[in-house]
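Q: Please take me closely through one part of this model, from its strand pairing to the aromatic rings packed there. I would like the cut-offs for each term along the way.

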Amino acid sequence: MTDYTQLEKVRLQKLEELRAEGVEPFPTRAKRTHLSAEAIAEFESAEKENKEVKATLAGRIRAMRTMGKISFAHIEDGAGKAQLFFRANEVGKERLDLFNKMFDLGDFIQAEGVMFRTKSGEVTLHVHDFHLLAKSVSPLPAAKDETLEDGTVVRHAALEHPELRARQRYADLAVNPDVRETFRKRAGIIKSLREFLDGKGFLEVETPILQPLYGGAAARPFVTHHNELEQDMYLRISFELYLKRLLVGNLEKVYEIGRDFRNEGVSFKHNPEFTQLEFYWAYADYLQVMELTEQMVSFTAQQVLGTMKIKYKENEIDLTPPWKRLEMREGIKQTSGIDIAEYTSAEELHKAIRAKHPNKTPDPKATRGKLIDFLLSEFLEPTLIQPTFLYNYPRDISPLAKSIPNDALTVERFEGYVAGFELCNAFTELNDPLDQESRFLEMGRDYAEGDDEKHPLDEDYLRAMRYGMPPNGGFGMGVDRLAMLLLDKHSIREVLLFPALRKEE
RNA sequence: GGGCGCGUAGCUCAAUGGCAGAGCAGCGGCCUUUUAAGCCGUUUGUUGAGGGUUCGAUCCCCUCCGCGCUCACCA
């Protein structure tokens with residue numbers, strides 16, 4: 001049984017009284033002729049010709065000011081806010097009392113009348129009749145907006161508690177218009193990505209989320225169980241192995257936008273489920289993928305924000321192509337003073353780091369690849385504010401990427417960095433089934449020691465590859481990260497409608 | 001998982017080892033052009049949960065829960 005607060009009990013009481021007076025608090029149908037902004041715009045042009053504008057508006061009551069025989073209210077709908085003006089002369093004293101006493105902030109209302117301009121100049125609906133559309137039983141967090149003389153809006157007593165905002169996103173959205181705007185823009189970002197890739201001839205596909213084996217990334221999966229098949233299933237950690245199977249099937253350009261699941265830590269840039277974009281492009285290599293990437297991201301910024309110059313935290317960032325290209329080895333050398341090419345074993349590289357940076361302490365068990373990654377994130381990554389492609393990566397941290405001709409230790413891989421964080425990851429894909437098999441086996445050995453990240457060998461993937469896979473370039477990008485970047489949000493939770501939270505109680 | 005911090009009314013936030021407060025919201029009034037409307041009056045709390053110290057704990061201590069920041073993890 002729900003425990004109602006006193007405020008809720010008051011509203012439930014009103015609800016009963018309304019019913020007793022024959023007013024249905026949750027009527028089945030509503031009517032609306034104009035959005036608030038439409039009615040206001042229509043009035044503003046009709047005003048000059050002294051023409052009347054009739055309108056029926058519908059929305060949620062956000063402010064009420066009752067003053068005896070008149071009342072004002074603001075409602076909010078999908079297009080913004082509009083003021084309602086009630087006067088006993090038109091609606092009658094009883095109906096005005098009903099409004100004043102029985103309607104609350106948060107209720108949905110339908111009001112019809114004629115648009116006019118108040119003494120203070122606000123275009124307002126002069127209400128002739130009104131109906132309750134839905135009663136709000138629980139009071140929404142009572143934000144109040146104050147409009148200063150210069151037009152800036154200051155919100156008082158807004159819902160700010162991060163947990164509550166995430167847990168009760170419905171309330172957050174209801175009272176914080178900027179949050180609604182964030183998610184509209186997020187939808188725009190995803191739409192633009194699709195528009196871009198569709199325009200380049202890519203086919204959007206859907207591959208299994210529930211998989212008998214997981215792969216394509218080094219992450220711990222979520223495990224579940226299929227009762228009838230009597231087998232464990234995994235939620236995918238990447239799309240890669242399935243999308244590349246499609247290249248074997250002669251689909252030459254494919255992409256998927258969907259959810260990945262990784263059973264890892266939660267942080268300001270990690271959520272257990274997140275939206276990923278991956279594409280695979282037959283006959284292309286990582287250099288062509290680079291060009292497509294900078295076009296795609298800048299296109300999205302242009303579509304959604306109307307500019308390629310964005311702000312992230314204190315940085316002005318220009319996404320206009322071409323982006324800077326920096327060889328990873330060179331970047332690490334410049335920022336850490338260590339040339340990784342001079343140290344071909346983990347042991348030597350450890351020694352070099354200790355000598356050059358005694359106060360930095362990488363994991364003593366780290367492989368050479370992990371050490372390079374350490375140098376990258378420690379020294380180079382924070383400097384990559386303007387969009388930069390970091391390219392050519394050590395082979396042993398890239399088991400699905402193809403080696404550079406004549407350089408067995410380095411693979412054709414790049415990562416795109418913006419604002420100091422990794423945005424995307426791409427490579428010339430490995431398509432040699434024999435090489436792929438030995439890499440998988442190698443990886444199996446590596447992970448055997450660090451038990452909880454054991455990596456299953458995907459025999460079916462190898463079987464597919466043995467039929468022949470065209471050379472291709474592949475790409476992956478965290479869409480949530482892109483949304484954070486473009487919308488200047490500093491936590492992934494701000495761009496996820498319902499981020500993962502511990503269950504209540 | 002580790003470290004640090006936070007949790008007080010519906011919302012935003014104050015305060016104190018000695019009756020827990022403000023503004024807004026709510027409730028009762030007044031008010032026919034307001035817009036954080038105003039004025040008069042008024043209600044609201046398991047101070048996140050449990051335990052301990054104390055004459056007395058919201059405050060000090062312990063445990064737990066949740067959140068935030070951070071580190072680790074995340075090719």
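**Strand S17 and its surroundings**

A: Chain A falls into two domains, with domain 1 covering 6–149 and domain 2 covering 179–323 + 386–495; these bounds come from an automatic or database domain assignment. Between the C-alpha centres of domain 1 and domain 2 there are 49 Å. This is a predicted model, in which local features need pLDDT of at least 70 and side-chain atom pairs count only at pLDDT 80 or more, while totals for chains, interfaces and linings use all residues. Residues are numbered from 1 along each chain as written, chains are lettered from A and ligands numbered from 1 in written order, and side-chain values use heavy atoms, without hydrogens or water.

Let's start with the strand itself. S17 spans residues 388–394; helices (H or I, at least four residues) and strands (E, at least two) are DSSP runs, numbered from the N terminus. Of the seven residues in S17, six are buried, so the strand is mostly covered (buried: under 20% relative accessible area; exposed: over 50%; partly exposed: in between; 1.4 Å probe, protein chains only).

Now for the partners of S17. Strand S16, residues 324–327, runs parallel to S17 and is joined to S17 by four bridges (strands pair if DSSP finds at least two bridges between them). S19 runs antiparallel to S17, with six bridges joining them. A handy residue to follow is Tyr391 in S17: Tyr391 is the bridge partner of Glu327, and Tyr391 also has Phe414 in S19 as a bridge partner.

That brings us to the rings. Over the whole structure, a search turns up 16 aromatic pairs (rings of Phe, Tyr and Trp, the last by its six-membered ring, pair with centres within 6.5 Å; planes under 30 degrees apart are stacked, over 60 edge-to-face, the rest tilted). One of them, away from S17, is Phe99 with Phe103: the ring centres are 5.3 Å apart and the planes meet at 45 degrees, so this pair is tilted. Phe99 is buried because its relative accessibility is 0%, and Phe103 is buried too, with a relative accessible area of 3%.

Back at S17, Phe389 and Phe414 make an edge-to-face pair, with 5.0 Å from centre to centre and 75 degrees between the planes. This pair links distant parts of the chain, since Phe389 sits in S17 and Phe414 in strand S19 (residues 407–418), 25 residues apart. Phe389 and Phe414 are both buried. Phe414 thus appears twice in this picture: as the ring partner of Phe389 and as the bridge partner of Tyr391. For contrast, Phe99 and Phe103 belong to one aromatic cluster together with Phe86 and Phe130.

To round off the strand picture, here is another sheet. Its three strands run in the order S9-S11-S10, as an open sheet with antiparallel pairing. S9 (210–211) and S10 stand at the edges with a single partner strand each, so one side of each has no neighbour in the sheet. S10 (residues 223–226) and S11 (residues 231–235) are antiparallel and share four bridges. Val223 stands opposite Tyr234 in S11, and His226 stands opposite Gln231 in S11. The two strands form a hairpin with four residues between them, and in its turn Glu230 has a positive phi of about 50 degrees.
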